[in-house]
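Here is a friendly walk through one protein model. Have a look at the fold, and then we can go through its helix packing, its cores and a few backbone details together.

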Amino acid sequence: MEKRILECQITEDNWRGFPLITLPVEEIWQSVPSVDFHRGRPFKKTLREDILANGMKFPIMVVHTSYDDLKEAKRRYRKRICELPSDRFWGEGAHPDKRIYSVWGGSQRLTFAREEGYTHIDCTVLPSIEKSISLQKTMRGPFRHLYGKG
């Protein structure tokens with residue numbers, strides 16, 4: 001399969017001081033499910049049209065998480081996040097210190113990339129789930145029309 005990258009519009013090697021990397025879409029665990037609507041407004045279709053017309057402005061935010069990190073997130077956020085990743089991510093006999101990339105800002109863009117046949121996506125690596133969640137508002141700022149605030 002030919003490598004297809006969903007690139008962001010950031011031209012530096014970092015976003016807000018956090019490193020930019022390109023990852024295979026199949027190696028990123030999606031923390032929240034895809035949605036067609038957000039706050040009663042069309043979301044998936046609008047997001048798709050915006051990316052096709054204007055490209056992806058920001059990288060998705062990922063955290064290099066351990067299984068314990070994700071268990072704690074699941075305890076805290078319960079049904080608001082997806083079931084924890086399967087053995088496909090961890091491998092057989094996974095060591096407790098193994099880490100995987102999980103998206104905590106950009107799950108809908110990750111879904112778009114997969115559905116549109118991209119093999120890779122630009123990401124910024126954040127130090128923690130909490131930091132990623134705290135920066136979601138900043139990243140969403142230019143897209144108020146998608147989030148029911150415009």
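Helix axes here are lines fitted to C-alpha atoms over the stretch in contact, and the angle between two of them runs from 0 to 180 degrees between N-to-C directions. Please keep in mind that this is a predicted model.

**Two helices that cross**

With that in hand, helix 1 and helix 4 pack at an angle of about 70 degrees, and their axes are 11 Å apart. Angles of 65 to 115 degrees count as roughly perpendicular, so helix 1 is roughly perpendicular to helix 4. The crossing of helix 1 and helix 4 is right-handed. On the helix 1 side, the contact is made by Lys44, Leu47, Arg48, Ile51 and Leu52. Helix 4 contributes Gln108, Arg109, Thr111, Phe112 and Glu115.

**The two sides of helix 1**

Which residues of helix 1 are buried? They are Leu47, Asp50 and Ile51. These residues cover an arc of only 95 degrees around the axis, so they sit on the same side of helix 1. Their cover includes strand 1 (5-6) and helix 4. The face turned away from the buried side carries the exposed residues Lys45 and Ala53. After helix 1 comes glycine 55, with a positive phi near 80 degrees.

**The cores**

In soluble globular proteins, nonpolar side chains tend to be buried together. In this model, the largest nonpolar core has 19 residues, and Leu6, Ile28, Ile60, Val62, Leu110, Ile121 and Cys123 touch the most other members. Two or more residues each come from helix 1 (44-54), strand 7 (60-66), helix 4 (107-115) and strand 9 (120-126). A second, separate core of 18 residues includes Phe18, Leu70, Phe89 and Leu135.

Isoleucine 60 is worth a look on your screen. Leaving aside residues up to four places away in sequence, the contacts of isoleucine 60 include Ile28, Val103, Leu110, Ile121 and Cys123.

**Two arginines with positive phi**

Most residues other than glycine have a negative phi. Arginine 16 and arginine 78 are set out below with their positive values.

| Residue | Phi | Relative accessibility | Loop |
|---|---|---|---|
| Arginine 16 | near 55 degrees | 55% | between strand 2 (14-15) and strand 3 (18-24) |
| Arginine 78 | near 50 degrees | 56% | between helix 2 (67-77) and helix 3 (87-90) |

Are these arginines buried or exposed? Exposed means over 50% relative accessible area, so arginine 16, at 55%, counts as exposed. Arginine 78, at 56%, counts as exposed too.

Notes: Residues are numbered from 1 along each chain as its sequence is written. Side-chain values use heavy atoms; hydrogens and water are left out. A nonpolar core is a set of buried Ala, Val, Leu, Ile, Met, Phe, Trp, Tyr and Cys residues joined through side-chain atoms within 4.5 Å. Buried means under 20% relative accessible area, exposed over 50%, partly exposed in between (1.4 Å probe, protein chains only). Helices (H or I, at least four residues) and strands (E, at least two) are DSSP runs, numbered from the N terminus. Contact means heavy atoms within 4.5 Å. The arc is that of the directions from the helix axis to the C-beta atoms. Angles under 35 degrees count as roughly parallel, over 145 as roughly antiparallel, 65 to 115 as roughly perpendicular and the rest as oblique. A crossing is left-handed if the near helix is turned anticlockwise from the far one by less than a right angle, and right-handed if clockwise.
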